Amino acid sequence: VIALEEKVIVSKLGDNATLSCIYQGKELHLKNLRVYWQIADDQEECSVVHALISGQDNESEQCIHFKNRTQLFWDRLENGDFSLLLLNVSQSDEHAYKCVVMQKTEYTKVIHQAEVVLSLAASYSQPVLSGPTRNSDSTGEELTFSCKSGNGYPEPNVYWINKTDNSHLPSSELKITPHADGTYSVFSTLKVKATSNMQIECSIENKILRENLSANYTQQKQNNGSSTENHKNLEKKGRGAQAAGIISIVILIGLLAVLTCWLWKRRSSKLASYTGNE
């Protein structure tokens, strides 16, 4: 009875994936070995992913889908590492794979087996949450929010959350669109009655990658932002008025100085004239 090594690996679309198959036994001679990588599902029309016979790659039975996309690590084979490198993985590569190592001495026998389940995933983009611009007195009216994200795999879970009490809100619309490269984009809307302090979150979950990306809408922050902006505008106006006042005072002082100087000179000339007449 040969123990079956089992593993689940996650790879991103377009990356290279290493399917592990490691035999920890005595020294091996490649000429006496046969190594088969195959799709574990018997219902597949073609199941041979890669074959190594007597130390040489054998492509005679290899599935067309895997041609020029598989490699063994030649410097590791004699140490019992029969892991397979699968290049440029796509959705059609999502399978359970089986590695079977057979050794030929007096007769051929299986000395090692391994099974690897390959799951594929791609991270979604940071969601973009759009909400209406509200007046503070719009409580009670129906508001519509939208949330979108893209370039992810597999199909995501989308959650709308009321952050004031962490309750989940039912989406009004959910549209998941597949793309030619195998990824998906998602668009969802939420219709909800306005409250005085709205805190809405849209969350995109990728279960395979265990990723949760979220975007938030907080009405209170928007109000504060508007108040801050108004405050800044008032400050600017106040500074402008203050500067204008200072300039006016300076001009007035200048005029007074000129007038005083002129009066002093006129008075001096009159005194001189009066003294001369005497």
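1. Let's start with a term. A salt bridge here is a side-chain nitrogen of Lys or Arg within 4 Å of a carboxyl oxygen of Asp or Glu. Keep in mind as you read that this is a predicted model. The idea behind the rule is simple: side chains of opposite charge can pair when their charged atoms come close. By this rule the structure has three salt bridges.

2. Take Asp-93 and Arg-69. Their closest N and O atoms are 2.6 Å apart, and the two form a salt bridge. Asp-93 sits in the loop between E7 and E8, while Arg-69 sits in the loop between E5 and E6, so this salt bridge ties together parts that are 24 residues apart in sequence. Are these two residues buried or exposed? Asp-93 has a relative accessible area of 0%, so it is buried. Arg-69 counts as buried too, at 13% relative accessibility.

3. Next, look at Arg-76, which has two partners to check. One is Asp-81: the two side chains meet in a salt bridge, with 3.6 Å from N to O. The other is a ring, since Arg-76 lies over the face of Phe-73, at 4.1 Å from the ring centre. As for burial, Arg-76 is partly exposed because its relative accessibility is 34%. Asp-81 is buried, with a relative accessible area of 12%.

4. Lys-163 and Glu-201 also meet through their side chains in a salt bridge, at 3.8 Å from N to O. This pair links distant parts of the chain: Lys-163 is in the loop between strand E12 (157-162) and strand E13 (167-169), Glu-201 is in strand E16, and 38 residues separate them. With a relative accessible area of 31%, Lys-163 is partly exposed. Glu-201, at 11%, is buried.

5. While you have E16 on screen, find Ser-203, which lies in this strand (residues 199-206). Ser-203 is buried, because its relative accessible area is 7% and buried means under 20%. Which residues does Ser-203 touch, not counting those up to four places away in sequence? They are Asn-157, Val-158, Tyr-159, Asn-212, Leu-213 and Ser-214.

6. Now for the aromatic rings. A search of the whole structure turns up three aromatic pairs. For Phe-66 and Tyr-97, the ring centres are 6.3 Å apart and the planes are at 80°, so this pair is edge-to-face; an angle over 60 degrees is what earns that label. Phe-66 is in the loop between strand E5 (56-57) and strand E6 (70-72), and Tyr-97 is in strand E8 (residues 96-104), so you will find the two rings in distant parts of the chain, 31 residues apart. Phe-66 counts as buried at 2% relative accessibility, and Tyr-97 is buried at 0%.

7. Another aromatic pair is Phe-145 with Tyr-217. Here the centres are 4.8 Å apart and the planes are at 75°, so this pair is edge-to-face as well. Phe-145 belongs to strand E11 (residues 142-152) and Tyr-217 to strand E17 (residues 211-218), so the contact of rings ties together parts that are 72 residues apart in sequence. Both residues are buried.

8. On to the strands. Strands of a sheet pair through backbone hydrogen bonds, either parallel or antiparallel. Which order do the strands take in the open sheet of three? The order is E2-E7-E6, with antiparallel pairing. At the edges are strand E2 (17-19) and E6, each of which pairs on one side only. Ignoring direction, neighbouring strands of this sheet are turned by 25° against each other on average. Zoom in on E6 and strand E7 (residues 84-86), and you will see antiparallel pairing over three bridges. Gln-71, for example, stands opposite Leu-85 in E7.

9. Last stop: a hairpin. How many bridges join strand E14 (residues 173-178) to strand E15 (residues 184-193)? There are six, and the two strands run antiparallel. One match to look for is Pro-178, whose bridge partner in E15 is Tyr-184. Five residues lie between the strands of this hairpin, and Gly-182 takes a positive phi near 95°.

Note on methods:
Residues are numbered from 1 along each chain as its sequence is written. This is a predicted model: local features need pLDDT of at least 70, side-chain atom pairs count only at pLDDT 80 or more; totals for chains, interfaces and linings use all residues. Side-chain values use heavy atoms; hydrogens and water are left out. Helices (H or I, at least four residues) and strands (E, at least two) are DSSP runs, numbered from the N terminus. Buried means under 20% relative accessible area, exposed over 50%, partly exposed in between (1.4 Å probe, protein chains only). Contact means heavy atoms within 4.5 Å. Rings of Phe, Tyr and Trp (its six-membered ring) pair if their centres lie within 6.5 Å; planes under 30 degrees apart count as stacked, over 60 as edge-to-face and the rest as tilted. A charge sits over a ring if NZ of Lys or CZ of Arg is within 6 Å of the ring centre and within 35 degrees of the ring normal. Two strands pair if DSSP finds at least two bridges between them. Axes are lines fitted to C-alpha atoms, for helices over the stretch in contact, and angles run from 0 to 180 degrees between N-to-C directions.
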